Amino acid sequence: ELVVEKGIGLTNAERGFLIRFDDGNHTFEVARNRAWQPIEAPEKKISRSVIASVFGTGEPVLTIDAQSDLAGMSQTIAALEIWSLMCAPLKVKDRVIGCIYVDSSVAEQEFSQESLNLLQAFADQAAIAIENATLYQEMMQSREAEKHVRQVFQKYVPKDVVQRALKISDGGKLSSKQVATVLFSDIRGFTSISERMEPEGVVAFLNDYLQRMVAIVFDEGGIVDKFIGDA
């Protein structure tokens, strides 16, 4: 919205549009007039041929006689009596991520090459700002996704194992084939041993045994999946 507001102000245009390009699709992010009122159905209120040209060539477009230049190409421009329009690409390196489109009717003003140069200079700065904002949003979403994975898996496996798992990537998926060792540890003759001991002694014996075994497994970077009895 700030980009469109400044674009209208810099060029003294009657209307302004911010359009994003993504995988061949055009999305109208903002469409306002000078009074800052939203423009309904903006895709039907602009010259599609101009948008296509900017997207295809990465070059800005200026016309000071839209009624003649776009005759037979845009019934919308004729119906709205648009006289002068400009469209500047939002470019990041060699990639066109969108455009700023402004226009004016006969009663407003006629744009010039100087106006286009000003709009393009502004669009270059706006493109960087929009791209940075998009990357920041994607980074925050990625962090939130990783945080969720950590919260889920740390209920079942040690923290360091979760950290190692998050670094595994196989075609963009959190998966990979790994060589692993599985240890099943049993207390031989436990039933007969426990029959000769007091309940408190059995608990103390198990606690001592399990603490020793768990420490060894953890020291080797392993995971304790579960403790089970009489399995």
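These are my notes on a predicted model, taken while looking up a hairpin, the nonpolar cores, one glutamine and a pocket.

**Entry 1: the hairpin**

I began with strand 1, residues 15–22, and strand 2, residues 25–33. The two pair in the antiparallel sense, and I noted 8 bridges between them. To fix the register I looked up I19, whose bridge partner in strand 2 is F28. The hairpin has 2 residues between its strands. There I checked D23, which takes a positive phi near 55°.

**Entry 2: the cores**

Next I looked for the largest nonpolar core and found one of 21 residues. V3, L18, L90, I100 and V102 have the most contacts inside it. I then asked which elements give two or more residues to this core. They are helix 1 (2–11), strand 4 (82–92), strand 5 (95–105) and helix 5. Helix 5 supplies the largest share, 7 residues.

Apart from this core I found another, made up of 19 residues. I wrote down F21, I77, C87 and Y101 as being among them.

I went back to V102 to list what it touches, leaving out residues up to four places away in sequence. The list runs G7, T11, A13, R15, G16, L85, M86, F111 and L119.

**Entry 3: Q120**

I stayed with helix 5, which spans residues 113–153 and holds Q120. Is Q120 buried or exposed? Its relative accessibility is 14%, and the cut-off for buried is under 20%, so Q120 counts as buried. I also looked up the contacts of Q120, setting aside neighbours within four places in sequence. What remained was P60, A88 and P89.

**Entry 4: the largest pocket**

Last I turned to open space in the model. The largest pocket has a volume of about 1,200 Å³. I found 31 residues lining this pocket. Closest to its centre are L183, F184, S185, K226 and F227.

Which elements give two or more residues to the lining? I found helix 7 (190–195) and helix 8 (199–219). Helix 8 gives the most, with 7 residues.

I also sorted the lining by residue class: 20 are nonpolar, 6 polar and 5 charged.

**Entry 5: for looking back**

Three places to find again in the structure are D23 in the hairpin of strand 1 and strand 2, Q120 in helix 5, and helix 8 at the lining of the largest pocket.

Conventions:
Residues numbered from 1 in each chain as written. Predicted model: local features only at pLDDT ≥ 70, side-chain atom pairs only at ≥ 80, totals over all residues. Heavy atoms only, no water. Helix = DSSP H or I, 4+ residues; strand = E, 2+ residues; numbered from the N terminus. Buried < 20%, exposed > 50% of the residue type's maximum accessible area, 1.4 Å probe, protein only. Contact = heavy atoms within 4.5 Å. Core = buried A, V, L, I, M, F, W, Y, C linked by side-chain atoms within 4.5 Å. 1 Å grid on protein atoms, 1.4 Å probe; cavity = no way out; pocket = protein on both sides within 12 Å on 5 of 7 lines; lining within 4 Å. Points joined across faces, edges and corners; volume = space filled by probe spheres on them. Nonpolar A, V, L, I, M, F, W, Y, C, P; charged D, E, K, R; others polar. Pairing = 2+ DSSP bridges.
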